[in-house]
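Trainee: I have a new structure to read, and I want to know how each label is earned. Can we go through it together?

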Amino acid sequence: DYWCKPVPGFGDPHARVLVVGLAPGAHGSNRTGRQFTGDASGGFLYPALHRAGFANQPHSSARGDGLTLHDMYISACARCVPPDNKPSPEELNNCQPYLEREIEIIQPKVIVALGRIAFERILRIHSIRDSAFKFAHGATFDLRLSTLNLQPATLLCSYHPSQQNTLTGKLTVNMFDEIWKKAKALLK
């Protein structure tokens, strides 16, 4: 059975870390109804979150599998599976109010953007058009300049844990573990 609906964010409603991915995977989140669940990206993400203490277990295969996130909430720029895994600007714009509302409710101290599209969407939400903000794995940016009425937050960039990145070595286990260590350090 497939969920086949927009996939909402999930996690700790009092989280200080917000993770923003691209969109539901066709045979992962679209099937399970939970972000990064039941696909290869989640198979790379959840073990890292478990090692860092953000997740109670290193795997996620279904919504009812017992996974609990600690101090973390996971969302995405697009809520439905996009054609060819590439959401159109129109789709991203249509879904942006949902992500904006999650940010307003959660008021994260750290936002981890998984991939360039998530990074660019967070900048757009915060009305930041500064050319000094360039996506790079491990880069951090202060979001205090935002026009939104939010508490100060730090944007932390990571390559997306897609197979395109993990199987080619663009994103390694050690590189990804460093992102979560940095996220924890930014909370202090």
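Trainee: Why does C4 count as exposed?

Mentor: This is a predicted model, so every value here is computed from it. C4 has 54% relative accessibility. Exposed means over 50%. C4 therefore counts as exposed.

Trainee: Where does C4 lie?

Mentor: C4 sits in the segment before β1 (10-11). Its phi is near 50°, a positive value in a residue other than glycine.

Trainee: What makes Q107 partly exposed?

Mentor: The relative accessible area of Q107 is 24%. Buried means under 20%, exposed over 50%, and partly exposed is in between. Q107 is therefore partly exposed. It belongs to the loop between α3 and β4. Phi of Q107 is positive as well, near 55°, again in a residue other than glycine.

Trainee: How do you know that K182 counts as partly exposed?

Mentor: Take its relative accessibility, 33%. The partly exposed class lies between 20% and 50%. So K182 counts as partly exposed. This residue is in helix α6 (residues 173-187).

Trainee: Which residues is K182 in contact with, leaving aside its neighbours within four places in sequence?

Mentor: K182 is in contact with G138, T140 and L156. Contact means heavy atoms within 4.5 Å. As for S158, its C-alpha atom and that of K182 are separated by 11 Å, and the two residues are 24 apart along the chain.

Trainee: Let's step back to the whole chain. How many helices and strands does it have?

Mentor: There are six helices and six strands. From the N terminus on, they run β-β-α-α-β-α-β-α-β-β-α-α.

Trainee: Why is the chain called as compact as a globular protein of that length?

Mentor: Its radius of gyration is 15 Å. The globule rule gives 16 Å for 188 residues. The two values are close, so the chain is as compact as a globular protein of that length. The C-alpha trace spans about 45 × 35 × 35 Å along its principal axes. Of the 188 residues, 52% count as buried.

Trainee: What share of the contacts with a separation of 6 or more comes from residues 24 or more positions apart?

Mentor: Such residues account for 63% of those contacts.

Trainee: What does the chain expose?

Mentor: About 9100 Å², with carbon and sulfur atoms supplying 51% of it.

Trainee: Now the interior. Which residues have the most contacts inside the largest nonpolar core?

Mentor: They are V20, F119, I122, L143 and L155, in a core of 28 residues. Two or more residues each come from β2 (17-21), α3 (89-106), β4 (110-114), α4 (116-125) and β6 (154-158). The largest share, five residues, comes from α4. In soluble globular proteins, nonpolar side chains tend to be buried together.

Trainee: Which residues of α4 are buried?

Mentor: A118, F119, R121, I122, L123 and I125. These buried residues pack against β2, α3, β4, β5 (140-142) and β6. Take I122: leaving aside neighbours within four places in sequence, it is in contact with V20, L99, I103, I111, L143 and L155. Apart from this core lies another, of 26 residues, among them V19, A55, L69 and L187.

Trainee: What phi does S127 take, just after α4?

Mentor: A positive one, about 55°.

Conventions
Residues numbered from 1 in each chain as written. Predicted model: local features only at pLDDT ≥ 70, side-chain atom pairs only at ≥ 80, totals over all residues. Heavy atoms only, no water. Helix = DSSP H or I, 4+ residues; strand = E, 2+ residues; numbered from the N terminus. Rg over C-alpha atoms; globule rule 2.2 N^0.38 Å. Buried < 20%, exposed > 50% of the residue type's maximum accessible area, 1.4 Å probe, protein only. Areas by Shrake-Rupley, 256 points an atom, 1.4 Å probe, with all protein chains shown as cover. Core = buried A, V, L, I, M, F, W, Y, C linked by side-chain atoms within 4.5 Å.
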